[in-house]
Amino acid sequence: MLYTVAHGSVPATTGMIVCAVQDEGWRIPNLVGTARLQQLWERGDFPARQGDCLLAYGLSDLPARRVLLLGLGQADTISVQTFGRAVEKAVRTLQANGVADAVLCLPTQTGIAAAALARSAVLAADRALYRFDQCKSQPEAVSDTPLTQLTLQVAQADDLAAVQAVVTQTAAACTGLKLTRDLANLPGNLCTPGILAERAQQLGTQYATLEVSVLDEPELEALGMGSFLSVSRGSRQPAKLIVLRYTGGPADAAPVALVGKAVTFDAGGISLKPAAKMDEMKFDMCGGASVLGVLAACAELQLPINVVGVVPSSENLPGGHATKPGDIVTSLSGQTIEILNTDAEGRLLLCDALTYTEQFKPAVVIDIATLTGACVVALGHEATGLMANDDDLAQAILAAGEAAQDRAWQLPLWDDYAEVLKSNFADVANVGDRAAGTITAALFLSRFTRKFRWAHLDIAGTAWHSGKKKGATGRPVLLLLQFLQNYATGNLSL
Ligand code: BES
Ligand code: MN
Ligand code: ZN
């Protein structure tokens with residue numbers, strides 16, 4: 001999809017979106033207040049409720065054959081979110097009606113800055129057009145003439161530069177988002193740790209600023225990653241540790257480290273999961289996929305900072321060699337772990353990956369993981385769970401999430417919860433009881449993050465949709481990119 005920005009006379013196009021605000025009475029709010037549109041409006045045929053779409057033909061004084069009237073609702077209820085949802089609907093409608101290129105006239109009467117509207121519009125168009133049909137033998141054609149170009153029409157010349165900048169940025173973010181969603185939507189047989197590692201290596205050849213290396217099981221063994229390696233023992237697919245280094249800043253600048261859980265399929269191991277919805281455990285690599293997406297976007301955006309991505313990847317299956325409940329392993333940190341439940345595998349690979357990041361002397365470390373079903377119970381599918389050993393870092397992440405409309409919510413990381421992780425046989429157990437499962441999982445990880453400032457994002461409830469809309473969301477790519485952009489511009493009190 002090509003996004004362009006224009007100002008002045010509206011370019012000739014096959015489709016045009018004009019927005020109407022349902023205010024005190026009706027009015028045509030846009031720069032294109034033509035007589036026919038005005039007439040149509042005054043007849044009161046278009047209520048302009050939030051998301052109302054009406055495709056109008058025959059408005060011959062406009063430079064488009066089809067004009068889509070888009071309702072934004074009452075002025076005081078319009079937000080970047082509601083605007084985004086409306087645009088998403090409009091873009092779907094245009095696409096279904098064979099519009100190949102369209103102009104969206106950014107509304108001027110919402111009280112929201114043009115740049116913010118533009119960002120929302122690009123993200124919305126991207127959501128509307130996303131498809132994952134790699135695995136269909138005959139991908140359904142959405143249209144003979146798919147929408148390939150969207151021009152954002154700016155009313156005020158003053159806004160042009162800001163809108164242009166935001167559109168370029170958001171389009172780059174969309175590249176990362178798409179990579180994340182595509183990898184995450186792939187089934188477990190087509191996205192093994194080995195395949196994921198190859199995909200990462202391709203990124204390394206694609207971007208000069210991105211250096212990618214992959215550690216194999218013998219190397220992980222030699223390093224002493226006994227905890228990470230315990231997860232793949234029941235699988236025929238060897239584990240991989242993927243390391244991506246993006247260098248956009250001075251060589252000696254401390255990097256931000258992103259550590260992403262990438263269990264390409266989580267059957268639970270010997271502590272086998274129930275069958276219902278087990279297919280969704282192909283999404284257990286969404287944390288790792290988000291790290292790949294964010295690093296690709298950093299390279300696209302050429303952010304002037306350094307970022308390291310560490311992605312431990314493995315399958316978690318039962319098998320003759322699989323780790324058994326009660327087994328004790330030695331982590332890279334030297335701490336021994338009693339594995340009481342092999343389904344609590346995410347923390348087992350993350351703890352070694354976190355210890356591994358120490359060598360990069362990171363400014364901060366953020367891990368991203370579909371870690372606990374308990375997080376879905378606590379926060380549902382709206383907020384990502386956030387826990388941190390540093391409150392400034394937590395605040396910066398929360399703020400980035402707000403700004404990016406990809407929100408997180410903080411849970412406490414009090415030691416008082418850690419009692420349950422005590423083991424009679426090893427330094428620590430990998431599970432506690434059922435209470436506060438999200439927090440005890442993070443407390444387990446916190447034993448491996450004492451040497452740096454660290455935050456943990458539990459994306460179990462936000463990384464994918466179930467049911468009819470089943471598929472990866474790409475979260476929290478936008479949150480992380482916003483955080484990194486804030487960090488790059490020094491707009492972060494860290
Ligand atoms: N990948 C799962 C967490 C998960 C479950 C995410 C359902 C999204 C939906 C993780 O590896 C896991 O199995 N966690 C266990 C931990 C428990 C054994 C302490 C869980 O949440 O049940
Ligand atoms: Mn599990
Ligand atoms: Zn898992």
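Of the 16 residues around ligand 1, which come nearest? Select ligand 1 and its surroundings: Lys-273, Asp-284, Asp-343, Glu-345 and Gly-373 come nearest (a residue is near a molecule if one of its heavy atoms lies within 4 Å of it).

This is a predicted model, in which local features need pLDDT of at least 70 and side-chain atom pairs count only at pLDDT 80 or more, while totals for chains, interfaces and linings use all residues. Residues are numbered from 1 along each chain as its sequence is written, chains are lettered from A and ligands numbered from 1 in the order in which they are written, and side-chain values use heavy atoms, with hydrogens and water left out.

Stay with ligand 1 and show Lys-273: a polar side-chain atom of this residue is 2.8 Å from an oxygen atom of the ligand. Next show Glu-345, where a polar side-chain atom also lies 2.8 Å from an oxygen atom of ligand 1. The protein buries 76% of the 510 Å² that ligand 1 exposes when taken alone (accessible areas come from the Shrake-Rupley method with a 1.4 Å probe). Colour the shell by residue type to find five nonpolar, four polar and seven charged residues (Asp, Glu, Lys and Arg count as charged; Ala, Val, Leu, Ile, Met, Phe, Trp, Tyr, Cys and Pro as nonpolar; the others, Gly among them, as polar).

Now select the manganese ion (ligand 2). Its coordinating atoms are Asp-266 (OD), Asp-343 (O), Asp-343 (OD) and Glu-345 (OE), at 2.1 to 2.2 Å (donors are N, O and S atoms within 2.8 Å of the metal, or 3.2 Å for Na, K and Ca; water is not among the atoms, so sites may look incomplete). In sequence, the donor residues of this ion follow the spacing D-x76-D-x1-E.

Move to the zinc ion (ligand 3), which is 3.1 Å from the manganese ion (ligand 2). Asp-266 bridges the two ions. The zinc ion is coordinated by Lys-261 (NZ), Asp-266 (OD), Asp-284 (OD) and Glu-345 (OE), at 2.0 to 2.4 Å. Its donor residues are spaced K-x4-D-x17-D-x60-E in sequence.

Technical notes:
A polar contact is a pair of N or O atoms within 3.5 Å; within protein, one must be able to donate a hydrogen and the other to accept it, and residues adjacent in sequence count only if both atoms are side-chain atoms.
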